[in-house]
Amino acid sequence: MSQHIAKPRTTAVILAGGTGQRVGLSIPKQLLKIAGKAVIEHTLTTFENTDAIDDIIVLMAPGYVPDIEKIVAKAGFQKVSKIIEGGATRNETTERAIAALGEGLAEGEDANVLFHDAVRPLLSQRVIDDCVVALERFQAVDVAIPSADTIIVTRTHGEDGEFITEIPDRSRLRRGQTPQAFKLSTIKRAYEVAAGDPNFQATDDCSVVLKYLPDVPIHVVAGDEYNMKVTQPVDVFIADKLFQLASTAAPEQVSEEAYRELLTGKTMVVFGGSYGIGKDIAELAESYGAKVYALGRSTTGTHVENPEEVDDALSKAYGETGRIDYVVNTAGVLRIGKLAETDNATIEEALKVNYLAPVQIARSSYKYLSETKGQLLLYTSSSYTRGRAEYSLYSSTKAAMVNLTQALSDEWAGDGVRVNCINPERTATPMRTKAFGQEPSGSLLSSEAVARTSLDVLLSELTGHVIDVRQQDPTAGAARASGFEQALATVLDRQDGV
């Protein structure tokens, strides 16, 4: 009779000992905000959401452990078991992690450990899974990608500067990333041997195994270009843009009954609810038991550009139901033309409806949503990433919606209010038809599909996200699966979008 072999425990060790000096910061770079959250929170989220990881240990820069404790508590991370102050060097920090990992293990029991830089927030779950699978056969695993650049070896000759001494074969060169994964017994033994070397110094853990346990093969797992390390000021900008461009998947409910259970008794206010996406959202939510106030200029006489009318609409909904759980704004105007030839009235209308109205709706909604821990849902356009000729007013105000979403999600997080933004590709709506006339059947996304995804976002715990809705998704209306590898393709896709 075969005996069941228990799966070894797999722990992610997040190395967060950097100080941020190279980025020119007064705080550790892992605490820097990118896309509305601290860099380390993005990193922890990836490991928290990966089934392959059982628990997480954080090694934080001295003096900043309380900051991580607050982030963990606020985000509700369940897998973070220990937050430890790191050492003065990378070696010392790893040794502290190894000691903590050994606690609670039975005699002869081994475990898997993945060491990952806190400032690599774009790590994919695929890489994590590949590392854990590789540990089933190997004792040490590194993550690397081919070098796109020619690497040169130089030597300095006095005041004459540097000179090339060697140009290695690029086909064999790889750029190392993290995580680096090991059997705990292996990395522990490597450090024990290294301790006998008075000149021991290492910047990564695979080099320790390579030097002090030369008989242990180190397997290489394919990394990816997006698993970048936030080290220089330009990295902060690039990482923020990648987060902004990457799509997020909205979790769908398992059944019709689940939608009814979540929406019955809830109150939703939809601005721009007269037609198109807003009307479809209102009807869908109402069919599942929500009390919906669908407001629009042509149906209820509600002008979103008028702050008093926005206040009155929200006050009425709250007065009649005693709560407001969701506020949705799909109202917008699309005016195409050269800016130099656009009259003041058209400019003023675009700014009032597309920018000032969402700002006012957000401000007026806050007190109601903070009571219910509800959500504000805004809408952008596929042209928000790059302004195009004759769309200056529209695309610039839609870009503002993305920034407003990210800023408010951060500003309101402490009060439990979520803020998200839907980015549908070209959608069949009356506004689009008015601007472009009839377009080929099947070339546009349906407003019903956008409404379904919008509802899924409203019922999710997402906040601060831009959710793409695309026609080529496997299931109509589903938000495109997340993945930073799609970010560049997304930029290209959006070039002709509206």
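These exercises walk through a predicted model, from its sheet to its helices and loops.

Residues are numbered from 1 along each chain as its sequence is written, and side-chain values use heavy atoms, with hydrogens and water left out. In this predicted model, local features need pLDDT of at least 70 and side-chain atom pairs count only at pLDDT 80 or more, while totals for chains, interfaces and linings use all residues.

**Exercise 1. Trace the open sheet and find its edge strands.**

Step 1. Fix the terms. Helices (H or I, at least four residues) and strands (E, at least two) are DSSP runs, numbered from the N terminus. Two strands pair if DSSP finds at least two bridges between them.

Step 2. Read the order. Seven strands line up as β5-β4-β1-β6-β10-β7-β11, with mixed pairing.

Step 3. Look for strands that pair on one side only. These edge strands are β5 (80-85) and β11 (218-222).

Step 4. Check the twist. Neighbouring strands are turned by 25° against each other on average, direction ignored. Axes are lines fitted to C-alpha atoms, for helices over the stretch in contact, and angles run from 0 to 180 degrees between N-to-C directions.

**Exercise 2. Describe the pairing of β6 with β10, then locate the cis peptide bond.**

Step 1. Take the strands. β6 covers residues 112-117 and β10 covers residues 174-183. They pair in the antiparallel sense over four bridges.

Step 2. Pick one bridge. V113 has F182 in β10 as its bridge partner.

Step 3. Find the cis bond. It joins T178 and P179, with omega about 15°. P179 sits in strand β10.

**Exercise 3. Which helices lie across β1, β6, β7, β10 and β11?**

Step 1. Start with α4 (residues 125-134). This helix lies across these strands and runs at about 155° to β11. Contact here means heavy atoms within 4.5 Å.

Step 2. Add α6 (residues 205-212). It also lies across β1, β6, β7, β10 and β11, running at about 75° to β10.

**Exercise 4. Map the largest nonpolar core.**

Step 1. Define it. A nonpolar core is a set of buried Ala, Val, Leu, Ile, Met, Phe, Trp, Tyr and Cys residues joined through side-chain atoms within 4.5 Å. Buried means under 20% relative accessible area, exposed over 50%, partly exposed in between (1.4 Å probe, protein chains only).

Step 2. Find the hubs. Among the 34 residues, I14, I40, L44, I56 and V58 touch the most other members.

Step 3. Name the suppliers. β1, α1 (39-48), β4 (55-60), α2 (65-75), α4 and β7 each give at least two residues. α4 gives the most, with five.

Step 4. Note another core. It lies apart and has 33 residues, including V269 and Y368.

**Exercise 5. How do α11 and α12 pack?**

Step 1. Take the geometry. α11 (residues 344-372) and α12 (residues 392-411) pack at about 10°, with axes 10 Å apart.

Step 2. Classify the angle. Angles under 35 degrees count as roughly parallel, over 145 as roughly antiparallel, 65 to 115 as roughly perpendicular and the rest as oblique. The two helices are therefore roughly parallel to each other.

Step 3. List some contacts. Residues including L351 and Y355 in α11 meet residues of α12, among them T397 and L404.

**Exercise 6. Where is K373, and is it buried or partly exposed?**

Step 1. Place K373. It is in the loop between α11 and β15 (375-379).

Step 2. Check the backbone. Phi of K373 is near 55°, a positive value in a residue other than glycine.

Step 3. Read the exposure. K373 is partly exposed, with a relative accessible area of 46%.
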